[in-house]
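Me: I have a structure open and would like to talk it through with you, a few questions at a time. Shall we start with the cysteines and work outwards?

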Amino acid sequence: MEIWVLLFMVFFASKTLSQDTTDWVRIDCGSEISYPSEEIWWQTDDEFIKTGKNKLVSRRSYSSLELLNTLRVFTQQNKNCYTLPTPTPARYFIRAVFYYGNYDGLSKPPTFDLEFDGNKWATVETSLTDPSYYELVYANKGENISVCLARTYHDQFPFISSLELWPLPDNMYAGMSRDSAWLQSYRYNYGASDTDWIIGYPTDEYNRIWKPMIPTGLIPVVADFYSLYYTTVEYPPTSAIIQAVRAPNPTDTISLQFTFSKTNTLNHVVVYFTEVAFNINETRSFDFYVNKKFMVTIRPEYENCTDAWANAPTVGAMEVELRPPIDSVLPPVISAIEVYTASDPLVTIGTSQDDLDGLAVLISTFEQLEGWSGDPCLPSDTIWQWLNCIGNDPPRVTSLNLSGYGLDGSLPDFSQMQALETIDLGNNSLEGSIPDFLGKLPSLKLLNLSYNNFSGEVPQSITKNKKIKYQINGNPSLHHHKGKNLGLIIGLAIGIPVGLILVFALVYFLTRKKPLSGHGKVTIGLGMSQGNGTAQGKPQEENISVSASTEGLIKPSQTNQNVMAMPTGENVSWAGNAGNGHINPMPAGEHIPVSTGPGSVNHPSKVPAGIDRAELDELIRLQHGNMGPHGRA
């Protein structure tokens with residue numbers, strides 16, 4: 001029976017350790033070629049990101065670990081995101097590595113933010129000489145996970161040396177809840193020398209990095225065997241377990257301290273043990289405490305790796321203790337430890353899908369935008385630099401600020417972005433007609449389309465929308481007819497000639513009925529000569545040439561006005577040119593100045609705001625043309 005159990009354990013262990021790497025993603029950032037390593041391909045950045053430039057570290061900074069000698073740096077956008085495929089619903093390990101290596105010769109290693117799926121991961125503080133790495137356990141929410149590098153200082157550009165992602169079995173780290181991401185804070189291989197690092201796969205089947213550590217006051221020991229059975233599903237590498245540290249005396253407690261950047265944290269702790277020496281008559285046992293709280297009693301087993309774990313809320317530092325009983329014969333021992341810290345609450349609602357769809361249309365239309373990816377509005381302190389966002393349930397895009405981005409071609413339909421309040425597309429090379437949907441966006445307040453190559457008419461959805469302030473100057477082929485003034489223009493174009501005809505008819509009637517004295521001649525201030533300012537009366541049956549200006553209907557002219565009493569007792573006003581003060585009767589209450597130029601209509605020097613001067617003149621000209629030769633002034 002024991003033989004069958006042993007064979008089952010060996011088979012189970014060997015099968016589990018035959019890791020499937022099909023869904024692994026390993027990116028040697030900055031590399032110009034893809035290449036195999038330990039049966040897994042390291043790939044270039046090209047398939048996962050569109051922005052950034054490849055760089056080499058300085059020659060003096062070359063590392064024996066070839067992976068560290070290339071990097072990709074991002075100098076243009078404030079946020080740059082890798083899109084990593086996650087075809088299988090699972091929890092994934094993600095690791096990002098950074099080695100500055102003085103690639104730019106400035107000896108100024110930058111600081112920037114690292115993000116995943118719209119969540120803050122870490123603030124990366126790079127070193128001039130040493131690499132740094134960050135690991136995360138995270139359950140995917142879709143078919144991809146975005147990992148972003150965000151600039152937080154104007155002159156400090158993010159970079160990355162390598163990026164990896166691989167799935168974990170469902171039963172690993174069972175104490176980690178899926179509603180949080182878990183940031184690796186510590187992972188120690190106790191008892192190993194300073195240079196004895198375990199650098200991931202294939203030494204660790206799950207690709208973890210184990211840092212060597214011998215805490216002060218503890219004694220390193222090495223097991224008297226070379227292979228292990230496992231009753232833990234976390235499967236630490238064998239080399240990390242057969243090396244260990246022990247307390248100096250059987251009754252001494254092992255106390256391990258861990259500090260964190262945040263004051264209040266939730267930590268997941270996993271400790272690993274094995275009995276390093278075969279003892280027939282002696283057994284080792286001790287109690288596992290976290291922050292003075294008892295968790296479980298540990299009895300290590302020879303040639304078998306066991307573990308214990310705990311979730312521990314921590315204020316400040318965390319303390320892990322291995323306390324022996326009073327009558328202990330063998331001191332406590334520990335082989336390895338992992339400590340993960342829960343992230344802040346994860347984003348549950350990303351940017352509105354309508355806004356994501358609209359932005360996707362813009363990005364697919366304009367090559368200048370094709371490098372933008374990841375959540376545009378999250379985290380809220382690293383929004384895409386050409387957007388403004390508001391809210392969180394879900395976040396909505398309120399501004400598009402794309403002035404001077406070099407956009408060309410026609411403007412696509414992004415009408416689903418209903419929360420837009422500002423659209424600034426000035427100083428580009430956009431062409432074609434202005435889309436009608438822009439004037440129908442319910443929240444739009446400011447629209448800048450100036451200095452492009454738009455053509456055709458400005459849609460009435462824009463010109464008639466009193467809520468929108470718009471700018472369209474600098475588009476030579478664009479025709480702008482303000483629909484709200486069209487009725488007034490047409491009214492003036494028709495009313496002015498008709499009014500003039502009535503005036504002339506009244507003048508003719510009054511002068512014929514009771515001619516003025518003065519040698520049988522009538523002096524009329526219609527058709528005055530510019531030279532002498534007088535006109536001789538003609539027989540009434542002859543046509544009278546009249547010249548009139550529309551200026552009085554638009555703006556009172558600066559002319560001399562006199563009033564004379566007519567036989568009917570009515571007051572009629574006269575508008576004559578200053579210096580040529582002949583007077584003529586007109587209906588009371590109407591001030592229509594008469595031009596001094598024969599046979600022409602004088603244009604006013606100023607048109608009221610809101611009336612298109614060219615349109616008004618054109619309509620008047622056409623109206624006069626339709627009156628015939630006798631109706632033309």
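Me: How many disulfides does the structure hold?
Reply: Happy to help, and please keep in mind that this is a predicted model. One disulfide joins Cys81 to Cys148, and another joins Cys377 to Cys389. Numbering the bonded cysteines of the protein chain in sequence order gives the pairing 1-2, 3-4. The number of disulfides is two.

Me: How many residues apart are Cys81 and Cys148, the pair joined with an S to S distance of 2.0 Å?
Reply: Cys81 and Cys148 are joined by a disulfide, with 2.0 Å from S to S. Cys81 sits in strand S6 (residues 79-85) and Cys148 in strand S11 (residues 144-150), so the pair links distant parts of the chain. Both Cys81 and Cys148 are buried. Their separation in sequence is 67 residues.

Me: Is the link of Cys81 and Cys148 right-handed or left-handed?
Reply: Look at the angle about the S-S bond, which is 105 degrees for this pair. That makes the link of Cys81 and Cys148 right-handed.

Me: And is the disulfide of Cys377 and Cys389 left-handed or right-handed?
Reply: This disulfide also has an S to S distance of 2.0 Å. Cys377 is in the loop between helix H3 (353-365) and strand S28 (387-390), while Cys389 is in strand S28, 12 residues apart from Cys377. The torsion about the S-S bond is about -65 degrees, so the disulfide of Cys377 and Cys389 is left-handed.

Me: Does Cys377 count as buried or exposed?
Reply: Buried means under 20% relative accessible area. Cys377 has a relative accessibility of 3%, so Cys377 counts as buried.

Me: What is the relative accessible area of Cys305?
Reply: Let's set Cys29 beside it: at 0% relative accessibility, Cys29 counts as buried. Cys305 is buried too, and its relative accessible area is 0%.

Me: Which residues have the most contacts inside the largest nonpolar core?
Reply: As general background, nonpolar side chains tend to be buried together in soluble globular proteins. Here the largest nonpolar core has 58 residues. Those with the most contacts inside it are Tyr173, Phe258, Phe288, Met318, Ile334 and Ile337.

Me: How many residues does the other core have, the one that includes Cys29?
Reply: Apart from the largest core, which has 58 residues, lies another core. Its residues include Cys29, Phe48, Leu84 and Trp121. The size of this core is 39 residues.

Me: Which side chains make polar contacts with the side chain of Glu135?
Reply: Glu135 lies in strand S10 (residues 132-139) and is buried, with a relative accessible area of 2%. Beyond four places away in sequence, the residues Glu135 touches include Trp121, Trp182 and Arg208. Its side chain makes polar contacts with the side chain of Arg95 at 2.5 Å and with that of Arg187 at 2.6 Å. The two names you want are therefore Arg95 and Arg187.

Me: Which side chain makes a polar contact with that of Arg26?
Reply: Arg26 belongs to strand S1 (residues 25-28) and is buried, at 6% relative accessible area. Leaving aside neighbours within four places in sequence, its contacts include Trp41, Trp42, Leu163 and Asn207. Arg26 and Ser162 are 136 residues apart in sequence, yet 7.5 Å apart in space, C-alpha to C-alpha. The side-chain polar contact, at 3.0 Å, is with Glu164.

Me: What is the bridge partner of Asn189 in S16?
Reply: Strand S14 (residues 182-190) pairs with strand S16 (residues 209-213) in the parallel sense, over three bridges. S16 is also joined by two bridges to strand S15 (residues 198-199), and these two run antiparallel. There, Ile199 stands opposite Ile209. For Asn189, the bridge partner in S16 is Pro212.

Me: How far apart in space are Asn453 and Leu430, C-alpha to C-alpha?
Reply: Asn453 lies in strand S34 (residues 453-454) and counts as partly exposed, at 41% relative accessibility. Leaving aside neighbours within four places in sequence, Asn453 is in contact with Ser429, Leu430, Glu431, Gly432 and Asn475. Asn453 and Leu430 are 23 residues apart in sequence, and their C-alpha to C-alpha distance is 5.5 Å.

Technical notes
Residues numbered from 1 in each chain as written. Predicted model: local features only at pLDDT ≥ 70, side-chain atom pairs only at ≥ 80, totals over all residues. Heavy atoms only, no water. Helix = DSSP H or I, 4+ residues; strand = E, 2+ residues; numbered from the N terminus. Buried < 20%, exposed > 50% of the residue type's maximum accessible area, 1.4 Å probe, protein only. Polar contact = N/O pair within 3.5 Å; in protein donor to acceptor, adjacent residues only side chain to side chain. Contact = heavy atoms within 4.5 Å. Pairing = 2+ DSSP bridges. Core = buried A, V, L, I, M, F, W, Y, C linked by side-chain atoms within 4.5 Å. Disulfide = S-S within 2.5 Å.
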